[in-house]
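Colleague: I would like to learn how to read a model such as this one, feature by feature. Could we begin with the overall picture and then turn to particular residues?

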Amino acid sequence: MEVMNFRSLIIFSAFLRVLLIVYGEWQDTHMEVRYTDVDYLVFSDAAALVVDGKSPYKRSTYRYSPLIAFILTPNSFIHRSWGKFLFSASVNAVKDWISVKDQYLRCRLSRSDIDLLVGYFIRTILKLRGVPENLTIYSVLVWLFNPFTFTIGTRGNCEPIICAIILWIIICIMRGNLFQGAVWYGLVVHMRIYPIIYALPIVLTLDPNHFQRGKKPAIVDWNSRQHKLNETSNRLWVFFQSIFTRSRILFGLISATVFFFCTGIFFYLYEWEFLHEALLYHLTRTDPRHNFSIYFYHIYLNYEREFAVLEKLISFLPQLIVQIVLVFRFAQDFPFCFFVQTVAFVAFNKVITAQYFVWFFCLLPLILPWSKMKLKWEGILCVLVWIGAQTHWLFWGYMLEFKGKQVFLQLWAASLLFFAANIYVMITIIRRHTYSPVFKRLVTSRTKKIT
């Protein structure tokens with residue numbers, strides 16, 4: 001009965017996404033405001049260029065890995081909405097590349113033409129950690145029926161691909177399949193730079209007390225989730241004493257090899273144009289257009305001049321400090337660490353668009369079973385604060401973009417308020433979270449010496 005319930009959930013959510021894609025086609029044809037994401041048009045144009053044997057970077061504003069354009073080449077000869085179905089199905093293509101070892105997943109994926117991989121992967125991770133089925137279903141609902149997530153995919157944004165790969169990497173690490181996890185990690189960093197922030201918590205997680213040759217890591221069951229943060233300093237001492245372990249070195253070498261291999265191939269094909277647009281641009285990006293970031297107004301006022309090194313450092317330093325603190329505090333509970341890292345990374349970033357929110361929404365269901373926060377009233381308050389601050393920003397953005405009003409100061413103030421809302425929600429989630437390391441310590445004679 002539980003499996004049937006989950007299957008019904010997936011079928012209904014798939015139907016909802018198909019309905020939205022069909023509606024989007026109608027809205028694009030009959031209404032002034034298009035449903036389809038502008039980025040999707042960019043992807044489609046780049047894919048058409050690839051089909052014609054040209055560089056995808058001939059399309060202005062295409063600043064992604066050529067892999068995205070390659071995946072969307074069927075847009076040119078099947079249907080222009082091919083990519084929307086692909087993204088909203090949470091990358092059916094990734095399903096074919098992944099060697100699925102979980103028997104339940106293999107059975108379900110073979111039967112389903114439109115399958116929502118992110119939802120399946122969330123369920124798999126929670127079941128691996130021993131979360132009860134009913135709580136797992138509620139957690140998966142947060143992804144499948146989140147208005148942000150199902151509209152992002154159906155509007156043609158590629159972020160569900162990245163979400164699915166990141167979740168698969170978590171599954172690989174939990175199962176002790178570090179080779180496959182490293183391969184996918186190298187690939188996802190090539191496709192989108194931001195997952196590089198997960199490198200340090202992954203390295204910390206590959207503790208010799210958890211990963212030993214010939215043994216699978218032992219996962220802490222959900223029922224024994226009561227832990228305290230009293231081992232942080234000891235963990236750091238163990239880390240620095242045994243930093244160069246076999247698992248860490250192999251994971252680093254394999255992921256780096258995949259990253260540089262993909263980058264090298266596309267550099268050979270598209271030369272410096274690829275390197276600048278797909279990689280270097282994102283490291284130095286300063287967007288003068290209004291966005292959620294607290295830095296946008298300063299960038300807008302000073303866009304014509306070159307930013308000094310000190311100015312770039314001032315905007316980057318808080319982000320770096322927060323990342324380091326979060327990693328060394330929560331690394332052993334690495335799904336939660338990934339989540340708070342991503343929220344902080346987005347909140348402190350120089351450019352923030354709505355699609356960035358999907359980065360942490362796919363990780364949110366992974367932490368809910370360990371939260372002591374009740375939906376009534378604290379949970380509802382967090383939701384209202386976050387959505388209210390965003391709606392307030394969108395009002396001023398609408399006045400600027402569609403009405404032509406000079407409301408830059410009001411919009412900047414709204415960005416500050418939205419930043420405060422993000423920090424408030426993140427701190428509340430941290431305070432109400434039950435810290436639970438993913439892996440049990442495998443005590444050996446070597447670990448006894450170290451500890």
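Modeller: What follows goes from the chain as a whole to helices, salt bridges and single residues, and please keep in mind that the model is predicted.

Colleague: How many helices and strands does the protein chain have, and what share of its residues is buried?

Modeller: The secondary structure comes to 21 helices and 0 strands, and buried residues make up 55% of the 451 residues in the chain. Among contacts between residues at least 6 apart in sequence, 74% join residues at least 24 apart, while the accessible surface comes to about 21,500 Å², with 65% of that area belonging to carbon and sulfur atoms.

Colleague: Taking a single helix next, what span does H7 reach, and why is H7 described as largely enclosed?

Modeller: One can compare the span with the expected value and then count the buried residues. Helix H7, residues 117–128, reaches 16 Å from its first C-alpha to its last, close to the 16 Å expected for its 12 residues at 1.5 Å a residue. Because 10 of these 12 residues are buried, H7 is largely enclosed by the rest of the structure; among the buried ones are Tyr 120, Phe 121, Arg 123 and Ile 125. After the helix comes Gly 130, with a positive phi near 80°.

Colleague: Which salt bridges should I look at around that helix?

Modeller: The general idea is that side chains of opposite charge can pair when their charged atoms come close. A search of the whole structure finds 7 salt bridges. In one of them, the side chains of Glu 133 and Lys 127 meet at 3.1 Å, N to O, and here Glu 133 counts as buried at 8% relative accessibility, whereas Lys 127 is partly exposed at 35%. Arg 129 forms a salt bridge with Asp 333, their closest N and O atoms being 3.8 Å apart. This pair links distant parts of the chain, with Arg 129 in the loop between H7 and helix H8 and Asp 333 in the loop between H16 and helix H17, 204 residues apart. Arg 129 counts as buried, at 2% relative accessibility, and Asp 333 also counts as buried, at 2%. Salt bridges that share partners join Arg 123, Lys 127 and Glu 133 into one network.

Colleague: Which parts of the chain does the pair Arg 63 and Glu 277 tie together?

Modeller: Their side chains meet in a salt bridge of 3.0 Å, N to O. Arg 63 lies in the loop between H2 and helix H3 and Glu 277 in helix H14, so the pair ties together parts that are 214 residues apart in sequence. Under 20% relative accessible area counts as buried, so Glu 277, at 19%, counts as buried, while Arg 63, at 23%, is partly exposed.

Colleague: Is Ser 415 buried or exposed, and which residues is Ser 415 in contact with?

Modeller: A residue is best read together with its surroundings. Ser 415, in helix H20, is buried with a relative accessible area of 0%, and, leaving aside neighbours within four places in sequence, its contacts include Asn 291, Phe 292 and Trp 393.

Colleague: Which residues form the nonpolar patch on the surface?

Modeller: Phe 316, Leu 317, Leu 320, Ile 321, Ile 324 and Val 325 form the patch, with about 510 Å² of accessible area together. Leu 317, for example, lies in helix H16 and counts as partly exposed at 37% relative accessibility.

Technical notes:
Residues are numbered from 1 along each chain as its sequence is written. This is a predicted model: local features need pLDDT of at least 70, side-chain atom pairs count only at pLDDT 80 or more; totals for chains, interfaces and linings use all residues. Side-chain values use heavy atoms; hydrogens and water are left out. Helices (H or I, at least four residues) and strands (E, at least two) are DSSP runs, numbered from the N terminus. Buried means under 20% relative accessible area, exposed over 50%, partly exposed in between (1.4 Å probe, protein chains only). Contact means heavy atoms within 4.5 Å. Accessible areas come from the Shrake-Rupley method with a 1.4 Å probe; for residues, only the protein chains shown count as cover. Patches are made of residues with over 30% relative accessible area and no salt bridge: like charges are joined within 9 Å, nonpolar side chains (Val, Leu, Ile, Met, Phe, Trp, Tyr) within 5 Å. A salt bridge is a side-chain nitrogen of Lys or Arg within 4 Å of a carboxyl oxygen of Asp or Glu. The expected span of a helix is 1.5 Å times one less than its number of residues.
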